[in-house]
Amino acid sequence: MVGRDPTMTAGGGPLAPGITPRLTRLPPTGTTPPVFYRQKHLLAIEGLAPDEIGHLLELADSYVLLNRSGKTQRDLLRGRTLINLFFEDSTRTRTSFELAGKRLGADVINMSVSTSSVNKGETLLDTAATLNAMQCDLLVVRHDQSGAPNLLARKVDAAVINAGDGTHEHPTQALLDALTIKRRKGRIGGLTIAICGDVLHSRVARSNIHLLTTMGCEVRVVGPPTLMPADIASFGVTVFHDMKTGLRDADIVMMLRLQKERMTRSLVPSAREYFRFWGLDAEKLAYAKDDALIMHPGPMNRGVEIDSAIADHPERSVIKEQVEMGVAVRMAVLDTLSRGDGRNDV
Amino acid sequence: MSDVLIHNVRLLSEGLDRPGDLLIRDGLIADFGPSLGCPDGAEQINGDGAILCPGLVDMRASLGEPGFEYRETIASAAQAAAAGGITTLACLPDTMPALDDPALIHMMRTKGEETGSLTILPYGAVTRGCRGEEMAELGLLTEAGAVAFTDGAKAIASARLMRVALSYARGFGARIVQHPEDPSLAGSGCATEGAQATRLGLPGIPAAAEAIMVARDIRLARLTGGAVHFAHVSTGEALDLIRQAKDAGLNVTCDTAPPYFDLNETAIGEFYTYQKLSPPLRQDADRRAVIAALADGTIDAIASDHQPRDTDDTRLPYAVAPPGGAGLATLLGVTLGQVHNGNLSMAQAIDLLTARPARLLGAEGGRIAKDAPADLCLFHPDRVWRVEAGKLPGKAQNTPFDGRPMEGKVIGTWKAGRRVFG
């Protein structure tokens with residue numbers, strides 16, 4: 001990759017004050033840094049301690065610098081097999097994991113399994129048995145059913161990384177969002193973050209809520225009552241149904257994707273009504289802080305949950321930067337889990 | 001068959017609770033009471049002070065036959081039932097084919113007799129194929145020996161159809177057994193709506209889905225004068241409605257199953273499909289309301305709600321795994337938990353498992369009386385054991401109580417005077 005100035009963000013803007021490039025903290029080749037992550041797998045953000053999240057973010061931060069410097073760490077995962085097992089279509093997450101694995105020198109294999117067959121669960125465990133026989137070291141799983149990675153993790157020897165399961169969790173997305181925030185704002189704790197839109201069906205929202213509340217943020221969820229999960233307030237968030245009050249003085253506005261099938265299930269009447277009340281446009285954004293950042297996990301529905309001009313806002317939209325952080329975060333996760341072999345105790 | 005004298009036991013049956021002996025002759029209870037003499041040639045069994053009660057009457061269980069023999073056969077279910085002290089069992093009709101034809105009702109009764117250890121009382125289907133469309137031949141099915149009517153795990157969704165069924169069944173003195181859950185509200189839900197389901201990212205079923213169906217059917221029972229029975233009731237709200245309907249003199253009854261007074265939604269843990277039940281495990285306030293309704297008599301019976309599943313069913317992502325737990329071997333032990341912790345008296349617990357369901361089903365068993373069939377269960381109320389999936393009697397191992405310590409163990413089961421367990 002092209003060498004870039006590591007003191008600049010992906011968008012070309014300067015790093016936030018307080019963030020200094022720490023080239024000295026690049027993972028040194030051939031030595032093992034102390035491990036602060038105590039799980040064999042990464043199935044969920046829920047249950048991770050602040051120091052485990054902090055460790056992953058710090059390591060990922062160093063990988064951002066490595067990636068920008070154009071160097072690679074191709075010996076780190078040499079001889080290790082990473083399998084991307086995707087039961088649900090995804091281009092960006094799969095590519096991101098693939099790139100992360102390759103930059104660390106792993107043998108990366110992509111498997112896409114159709115879930116259209118009736119016996120999808122049978123396929124899941126049959127596939128697990130096959131992968132086990134292939135001595136896979138790192139297994140990245142995306143599935144349209146909540147809990148499918150947990151089921152797989154009970155059946156395979158590999159370290160399992162959840163790349164999104166149903167409406168449960170998407171832990172690496174939350175980590176990359178946190179890294180984006182931390183690099184731009186210099187901190188995570190103490191910020192006010194509004195997560196807006198279809199929280200009910202969003203695994204991204206769940207993982208982000210767990211991560212951001214664990215790290216001491218004020219988290220708000222904003223959206224129509226039909227797209228709010230039951231008892232979401234018990235997760236330590238505040239619920240708003242109105243964007244203007246929900247966004248007031250927010251540091252971060254995190255938009256969620258609204259899937260078309262939500263309309264067919266009558267949870268919202270139409271795209272234009274949704275955009276009118278919950279789509280992010282300049283008028284609603286004006287209620288957030290002047291320097292509030294705009295985030296979206298992608299892929300975006302322009303004109304449904306977010307106005308195109310806002311999505312492309314040169315200073316405030318960090319949507320492209322999120323993608324860059326995704327690779328670094330996944331490198332950090334692969335690095336950490338590959339060191340553990342389930343014996344990650346401090 | 002020679003006479004059998006079971007002595008030194010606590011005799012426990014509706015209206016009976018005293019130490020004594022019991023004599024079995026020709027498959028019947030010939031006599032019982034304090035210090036019976038031992039007739040010449042009688043086999044003697046010393047009960048060591050254990051409790052001798054009627055064989056349990058389980059008013060709701062699914063059998064794998066016909067159609068799902070890979071999950072469980074009748075022979076294997078009978079083995080599990082005997083180990084659980086159950087001698088009479090009412091089976092659900094949502095099999096393949098469904099029990100919607102008199103010949104199938106005959107077949108199930110005969111298959112029960114063939115086990116030699118278990119009386120099978122089949123429910124008839126309310127609708128053909130349990131599809132919820134056209135009414136089955138309730139009259140002919142009654143004549144063939146169907147004890148009541150239900151579409152099994154499926155609710156009778158249409159109010160019009162429920163009205164017709166209640167009204168028509170009334171003419172034959174038959175009860176309609178409802179799975180109380182509004183299907184349009186429950187949708188594809190698989191866990192109780194609330195923080196737990198939200199956390200796991202599972203589609204929720206609001207507790208109101210049960211109360212709405214119960215409220216509707218109570219109203220229809222009043223409209224028709226028919227008899228409705230609500231199966232595996234799991235929420236306090238529904239139990240309040242049933243309590244009021246009973247007070248108003250309507251012909252409304254209900255049962256619950258051990259998971260609903262022993263477990264709550266947190267048992268799902270990390271997507272454990274053995275705990276995926278229908279209705280779903282509820283919040284703890286509902287569990288406590290079920291216990292209160294057992295104690296005050298609102299609930300008429302405790303049924304196993306046995307649903308055999310094999311590993312192809314349970315090793316699936318949570319939302320797509322079929323719901324249901326094995327329950328025959330654990331019915332008594334889990335119920336005794338409520339006696340040990342003081343919520344129910346021993347007599348109340350045994351009545352809920354014997355006399356009261358027997359009356360609802362019009363079954364012969366369920367009581368200790370002279371010349372009644374010698375269907376008996378001898379159990380030690382304090383003996384401990386641990387439930388272990390994989391080591392339960394019978395084929396179905398999908399117990400929601402895996403790992404649970406139990407206090408109370410069946411040590412002998414008799415069917416028509418013949419010892420079938422222990």
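A residue counts as buried when its relative accessible area is under 20%. The legends below describe views of a predicted model.

**View 1. B:Ala169, a buried residue of helix H4 in chain B.**
The helix shown, H4, covers residues 159–170 of chain B and includes B:Ala169. Because its relative accessibility is 0%, B:Ala169 falls under the 20% cut-off and counts as buried. Leaving aside residues up to four places away in sequence, B:Ala169 touches B:Leu138, B:Ala174 and B:Ile176. B:Ser76 stands 93 residues from B:Ala169 along the chain, and the C-alpha atoms of the two are separated by 33 Å.

**View 2. The largest nonpolar core and B:Phe379.**
This core comprises 80 residues. The members that touch the most other members are B:Ile176, B:Phe230, B:Leu332 and B:Phe379; B:Ile176 is also one of the residues touched by B:Ala169 in View 1. When residues up to four places away in sequence are not counted, the contacts of B:Phe379 include B:Ala50, B:Ile51 and B:Cys53. Further along the chain, B:Phe379 touches B:Leu332, B:Leu336, B:Met346 and B:Ile350, as well as B:Lys409, B:Val410 and B:Ile411. Apart from the largest core lies another, of 63 residues, with A:Tyr37, A:Leu191, A:Ile193 and A:Val219 among them. In soluble globular proteins, nonpolar side chains tend to be buried together.

**View 3. Chain B as the setting for the close-ups.**
Chain B contains 14 helices and 19 strands. Its C-alpha atoms fill a box of roughly 65 × 45 × 45 Å along the principal axes. The radius of gyration of chain B is 21 Å, which agrees with the value near 22 Å that a compact globule of 422 residues would have. Of these 422 residues, 61% count as buried. Among contacts in chain B with a separation of 6 or more, 74% are between residues 24 or more positions apart. Chain B exposes about 14800 Å², of which carbon and sulfur atoms supply 48%. The chain carries 39 positive and 51 negative charges, and the mean positions of the two sets are 2 Å apart.

**View 4. Two cis peptide bonds in loops of chain B.**
Most peptide bonds are trans. The bond joining B:Glu65 and B:Pro66 is cis, with omega about -10 degrees. B:Pro66 is placed in the loop between strand E6 (56–61) and helix H1 (74–83). A cis bond also joins B:Ser278 and B:Pro279, with omega about -5 degrees. The loop that holds B:Pro279 runs between helix H9 (259–262) and helix H10 (284–295).

**View 5. Positive phi at B:Asp48 and A:Asp249.**
Most residues other than glycine have a negative phi. B:Asp48, which is not a glycine, has a positive phi near 50 degrees. This residue lies in the loop between strand E4 (43–46) and strand E5 (51–54) of chain B. With a relative accessible area of 59%, B:Asp48 is exposed. In chain A, A:Asp249 likewise has a positive phi, of about 60 degrees. The loop containing A:Asp249 connects helix H7 (243–247) and strand E8 (252–255) of chain A. A:Asp249 is partly exposed, its relative accessible area being 47%.

Definitions and conventions:
Residues are numbered from 1 along each chain as its sequence is written. Chains are lettered from A and ligands numbered from 1 in the order in which they are written. This is a predicted model: local features need pLDDT of at least 70, side-chain atom pairs count only at pLDDT 80 or more; totals for chains, interfaces and linings use all residues. Side-chain values use heavy atoms; hydrogens and water are left out. Helices (H or I, at least four residues) and strands (E, at least two) are DSSP runs, numbered from the N terminus. The radius of gyration is taken over C-alpha atoms; the globule rule is 2.2 Å times the number of residues to the power 0.38. Buried means under 20% relative accessible area, exposed over 50%, partly exposed in between (1.4 Å probe, protein chains only). Contact means heavy atoms within 4.5 Å. Accessible areas come from the Shrake-Rupley method with a 1.4 Å probe; for residues, only the protein chains shown count as cover. Lys and Arg count as positive and Asp and Glu as negative; His and the chain ends are not counted. The place of a charge is taken as NZ of Lys, CZ of Arg, CG of Asp or CD of Glu. A nonpolar core is a set of buried Ala, Val, Leu, Ile, Met, Phe, Trp, Tyr and Cys residues joined through side-chain atoms within 4.5 Å.
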